[in-house]
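This briefing looks at where a bound molecule is held in a protein chain and at the empty spaces around it. Please keep the sequence and the 3D view open while you read, and find each residue as it is named.

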Amino acid sequence: MRLSQYFLPTLKETPAEAQIVSHRLMLRAGMIRQSSAGIYSWLPLGFRVLKRIEQIVREEEDAAGCQEVLMPTIQPAELWRASGRYDDYGAEMLRIKDRHDRDMLYGPTNEEQITEIFKAYIRSYKHLPKLLYHIQWKFRDEVRPRFGVMRGREFLMKDAYSFDLDYAGAERSYRKFFVAYLRTFARMGLKAIPMQADSGPIGGDMSHEFQILAETGESKVFCDKAFLNFDPLQSDIDYDGNLKPLVDRWTGLYAAADEKHDPAKCPVKGDQLLEARGIEVGHIFYFGTKYSAPLGANVDGPDGKSTTVHMGSYGIGVSRLTGAIIEASHDDAGIIWPESVAPFRVGLINLKTGDAKTDALCADVYAKLRQKKVEVLYDDRDERAGAKFADMDLIGLPWQVIVGPRGAAVEKVEVKNRRTGERAEMSVDQALTKVAG
Ligand code: 5CA
């Protein structure tokens, strides 16, 4: 993509309304535009990141044996009356009437909707377990939408739902998501720590929040420093095997959000206890028959008797993750994207657009990168070098290939790693090998 043609409305000034760094950088990097409080349009650069995050989430859900569906954003009120949540949800729910005066709502989550689908088709234990997910926009009329996409009113969530015959089955499903979540966040370059949590309006008895550590996190968290050395990507996972030992290893260490932390009972002492702030990027729940009982989701068990299925639900804040990744990975000059979610892998900077040799060498590098299927944003604008460097650092692509007249004369380019700041001059071939990965 040529930057001269790309829609990238970067800002030089820091927007006054943004209180945290990710919100400031997303606005300055031209990723999002506010439509109304807590509701955003995603511009090309932001949309690319959102899609990449979504794709990692999708791959890990699929690997865990969960199947993708797509449910609507608008739901009928009857479903929520049947579960008893229509009144409980209160002012956070956006309620709508259609032209026939029927009560509808913009879904804040989908437990009722998925349970209705399950109930319509599945009648026997032989078809269990069933794990289903979708990635869909949600609406919650938050009292205080803030921090940009981190606490929005309209936001993109991956929500998955599990259906099992009994508690033991539900526990196995819960563990699959637990492990898939560790992998999902690690692939995005994040250290996410599972913490015991309250289950809030979703309800239930077993629940973990996945928190990443960042200064601007909304909640205070406490955990054992040993977590920092765990690597969830170390080994392949057999989702049909026994995941208990792996989950036990993670839940065996102390980690608690503020409301669950009791200093008197905390087993981790002194220096070993990390006190930090966290951003909740995922939340998983086991809630037994809370929805399946009122909505009548029953199957025939092995003994022929009708049994109410046990359920869990598993959320990931897909749009929140864009902000959370920036909170965890930036410097004074701008965003530093992990390669796995970067909107483009390489930024190609032409230091002297209009200079024949420089243009020719840039065209050569651009063509070769595209041939290798490396996603590249080519800054071919007629701008000062300083402005190009600043924009490229701001938008945070992992690699920069810098081409100026001096290098072009000897067929050399400079390669800069955005994260380490390391720069080196090299031939075009060497540069291609280095940045292609
Ligand atoms: N039904 C369950 C799980 S499927 C559920 O709704 N869980 S939740 O309320 O914890 O939300 C799941 C995830 O969505 C959260 O962990 C968080 O990362 C994200 N999320 C929740 N509220 C917002 C919001 N207002 N803005 C952005 N992301 C949010």
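In this predicted model, 22 residues surround the ligand, and the closest of them are T109, E111, R140, E142 and E280. The ligand sits in the largest pocket, and the points below take the ligand first, then that pocket, then a cavity, and lastly two details of the backbone.

**The ligand and its surroundings**

- Two glutamates have side chains that come close to nitrogen atoms of the ligand: a polar side-chain atom of E111 lies 2.7 Å from a nitrogen atom of the ligand, while for E142 the distance from an N or O atom of the side chain to a ligand nitrogen is 2.8 Å.
- An oxygen atom of the ligand is also approached, since a polar side-chain atom of H283 is found 3.4 Å from an oxygen atom of the ligand.
- On its own the ligand has 600 Å² of accessible area, and the protein covers 95% of this area.
- Strands β8, β13 (273-288) and β16 (310-317) each give at least two residues to the shell around the ligand, and the largest share, 5 residues, comes from β13.
- Sorted by class, the shell around the ligand contains 8 nonpolar, 7 polar and 7 charged residues.

**The largest pocket**

- The largest pocket, in which the ligand sits, holds about 900 Å³ of space.
- The lining of this pocket is made of 43 residues, of which R140, R151, E280, H283 and R320 are the closest to its centre.
- Two or more residues of this lining come from each of the elements β8, β10 (206-213), β13, β16 and α9 (318-328), and β13 supplies the largest share, with 7 residues.
- Divided by class, the lining of the largest pocket has 16 nonpolar, 15 polar and 12 charged residues.

**A cavity in the structure**

- Rolling a probe the size of a water molecule over the atoms shows where empty space is left.
- When the whole structure is searched, 1 cavity of 30 Å³ or more is found, and the volume of the largest cavity is about 50 Å³.
- The residues that line the largest cavity are Y40, W42, W137, G148, V149, G152, E154, F155 and S319, and they divide into 5 nonpolar, 3 polar and 1 charged.
- At least two residues of this lining are supplied by each of β2 (39-42) and β8 (154-164); strand β8 also gives at least two residues to the shell around the ligand.

**Two details of the backbone**

- Most residues other than glycine have a negative phi, and most peptide bonds are trans.
- The peptide bond that joins L128 and P129 is cis, with an omega of about -5°, and P129 is located in the loop between α5 (111-121) and β7 (130-139).
- D101 is a residue other than glycine with a positive phi, near 70°, and D101 belongs to the loop between β5 (94-97) and β6 (103-106).

Definitions and conventions: Residues numbered from 1 in each chain as written. Predicted model: local features only at pLDDT ≥ 70, side-chain atom pairs only at ≥ 80, totals over all residues. Heavy atoms only, no water. 1 Å grid on protein atoms, 1.4 Å probe; cavity = no way out; pocket = protein on both sides within 12 Å on 5 of 7 lines; lining within 4 Å. Points joined across faces, edges and corners; volume = space filled by probe spheres on them. Helix = DSSP H or I, 4+ residues; strand = E, 2+ residues; numbered from the N terminus. Nonpolar A, V, L, I, M, F, W, Y, C, P; charged D, E, K, R; others polar. Near = heavy atom within 4 Å. Polar contact = N/O pair within 3.5 Å; in protein donor to acceptor, adjacent residues only side chain to side chain. Areas by Shrake-Rupley, 256 points an atom, 1.4 Å probe, with all protein chains shown as cover. Sits in = over half its atoms within 2 Å of the grid points.
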